[in-house]
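The following note is offered to a colleague who is new to this structure. It proceeds by numbered points, each of which may be checked against the display.

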Amino acid sequence: MDRFVFLTFDGLSRGAVYAAFALALVLIWRAARIVNFAQGAMAVATAYVGYSVADATGSYWLGFLVAVVAGLLLGAGVERVVMRFVDHSSPLNGVVVALGLVLIIQGVLGMIYGNEFRPAEAPLSRDAFEIGGIALLSRYDLFVFGAVGAVVVLLTLLFTRTPTGLRMRAAAFAPDVSRLLGVPVGGMLTLGWALAAGVGSLAGMLVIPTELGLHPTAMDIVFISAFTAAVLGGLDSPIGAVLGGLLVGLLLSYISGYLGATVAPMAVLALLVIVLLSRPDGLFARSKARTA
Amino acid sequence: MSTEGLSLHHITVRFGGLLALDDVSLRVPPGRVVGIIGPNGAGKTTLFNVISGFVAPEKGSMTLDGKPFRARPHQLTGHGIARTLQGVGQFDGMTVLDNVQVGPRSEAEAWAALERCGVAEHARNFPKALPYAKRKRVELARALAARPRILMLDEPAGGLDTDEIRWLADLIRETECTVLLVEHHMELVMSVCDEILVLDFGKPIALGTPGEIRSNEKVAEAYLGAAA
């Protein structure tokens, strides 16, 4: 029982990061109908920037802030310089360009920082508190929950309570109608990419200290887990992304704990295949009316 | 208020081998209701798309208050022009109030427009839950919320019953905006327009008051003849 409780809390903590990363994927999907396969590589790039600043200044928190800001700028830049010029008549075009970006970013990071794992320390203790002899959560887990929770609340407020959020939603629903109403659709798209990449960078900074460290491909497995979470929740559903992230985190934690860590990546891929075959619109999507 | 209004000079649009608009000129003075009619495929919506900035003309120019005018779609409201679309073109995942508030509008402007169009009671509903006629009213409210000086209505009477069309006619007559009206419902067009442009295969074949258009032989032949 102790082990089950520990694995549950560990899974929720990890799942919170997947949730944030899945949320980043959903933001771009809703805005541009592109699965941003470069999200992981972009997050690693900004994590390198963040840890470089942290090393230079001795302040992890300054590095953390710089990584998130770098994510915002990188996302905006990728949209303005690359994605805006992609022919979106076929959804595959955006995917191919995103995969190309992965190769470029990982190659450039390898050239600049090398291809060895660099240690990335967590800013807070990862030793779990014990209550009644059961290890529950560490300070770092609490920080992860707080950071992801704050992002979810802020994004919810942005999209439901502000004119900018309203326009971003409108631009995603119907770009031409939005333009007629005076919405600068291109600007909204840039903002969507910036926010998504900023959230992705935050997720990267949160998860890298719990992995082997910094490496150009450090986010590949995390990306697959987060993508599975986004598909599980439904690519159109921010709430689905959060719940999907938590479910994938729990699943991975239980499988790692009871069957061994080497089985976990296969389990994620199996889950992805099962969801795509059985409910490709996600667990939380409304059923579509029959049209024939 | 300026006395110049919107003017179109020799607008020509070609889609590949199809001449969609052929040397169309039109002057829309402030405060007037100008109708654009013609059979299907005559180029009415294309003309709206040129004014809206969705289609660039091959030849011709436009002026607004005497100054050269070529708006991009998202700048249209900034020039004081609002446009409705054929159908209803709403954001189904957003409430009626949110639909009307999209763009640079205050909540007060949105509520005033909803009140004026008689759909304020549905502000918190989703458009999909409303009958078609109410959705058309929401579409009008969204355009009016921008407080335009030129209102472009693209087939606003489509799918409406007699009572709704009567309400629409009253709204058009009472509005202080200049109105550009593309419409197939002849009774509505003849009853509200000060001037009517008739297009046929992209070519202007008549321009005049409703009385003049009614008695124009070319128009009767090309368009009204079938209904007469």
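1. A residue is called buried if 20 or more other C-beta atoms lie within 10 Å of its own, exposed if 12 or fewer do, and partly exposed in between, the C-beta atoms being placed from the backbone. By this count A:Gly71 is buried, because 31 other C-beta atoms lie within 10 Å.

2. Some conventions should be stated. The model is predicted: local features need pLDDT of at least 70 and side-chain atom pairs count only at pLDDT 80 or more, whereas totals for chains, interfaces and linings use all residues. Residues are numbered from 1 along each chain as its sequence is written, while chains are lettered from A and ligands numbered from 1 in the order in which they are written.

3. Helices (H or I, at least four residues) and strands (E, at least two) are DSSP runs, numbered from the N terminus. In these terms chain A has eleven helices and two strands, and their order along the sequence is α-α-α-α-β-β-α-α-α-α-α-α-α. The radius of gyration of chain A is 19 Å, close to the 19 Å of the globule rule for 292 residues, so chain A is as compact as a globular protein of that length. The radius is taken over C-alpha atoms, and the rule is 2.2 Å times the number of residues to the power 0.38. The C-alpha atoms of chain A fill a box of roughly 60 × 50 × 35 Å along the principal axes, and 47% of the 292 residues are buried.

4. Two residues are in contact if their C-beta atoms, placed from the backbone, lie within 7 Å. In chain A, 72% of the contacts with a separation of 6 or more join residues 24 or more positions apart. A:Gly71, which belongs to helix H3 (residues 60–82) of chain A, may serve as a local example. Leaving aside residues up to four places away in sequence, A:Gly71 touches A:Met42, A:Ala43, A:Thr46, A:Ala197, A:Gly198, A:Gly200 and A:Ser201.

5. The crossing of two helices in chain A deserves attention. Axes are lines fitted to C-alpha atoms, for helices over the stretch in contact, and angles run from 0 to 180 degrees between N-to-C directions. The axes of H6 (residues 163–173) and H8 (residues 185–207) of chain A come within 9 Å and cross at roughly 105°. H6(A) and H8(A) are therefore roughly perpendicular to each other; angles of 65 to 115 degrees count as such, those under 35 as roughly parallel, those over 145 as roughly antiparallel and the rest as oblique. A:Arg167, A:Met168 and A:Ala171 of H6(A) meet residues of H8(A) including A:Met188 and A:Leu191. The residues of this contact comprise six nonpolar, one polar and one charged. Ala, Val, Leu, Ile, Met, Phe, Trp, Tyr, Cys and Pro count as nonpolar, Asp, Glu, Lys and Arg as charged, and the others, Gly among them, as polar.

6. Two strands pair if DSSP finds at least two bridges between them. In chain A, S1 (residues 128–131) and S2 (residues 134–138) pair in the antiparallel sense over three bridges, with A:Ser138 the bridge partner of A:Ala128. Two residues lie between the strands of this hairpin, where A:Gly132 takes a positive phi near 60°.

7. Chain B has eight helices and ten strands. Its radius of gyration, 17 Å, agrees with the value near 17 Å for a compact globule of 228 residues. Of these 228 residues, 46% count as buried.

8. Which strands form the open sheet of chain B, and in what order? Six strands take part, in the order S6-S7-S8-S3-S9-S10, with mixed pairing. The edge strands, each paired on one side only, are S6 (81–83) and S10 (203–208) of chain B. S7(B) (residues 150–154) and S8(B) (residues 178–182) are parallel over five bridges, and B:Asp154 stands opposite B:Val182. S9(B) and S10(B) run antiparallel, joined by five bridges; in the turn of their hairpin B:Phe201 has a positive phi of about 50°.

9. Finally, the two chains meet in a contact that takes 18 residues from chain B and 15 residues from chain A. On the side of chain B that touches chain A, seven residues are nonpolar, eight polar and three charged.
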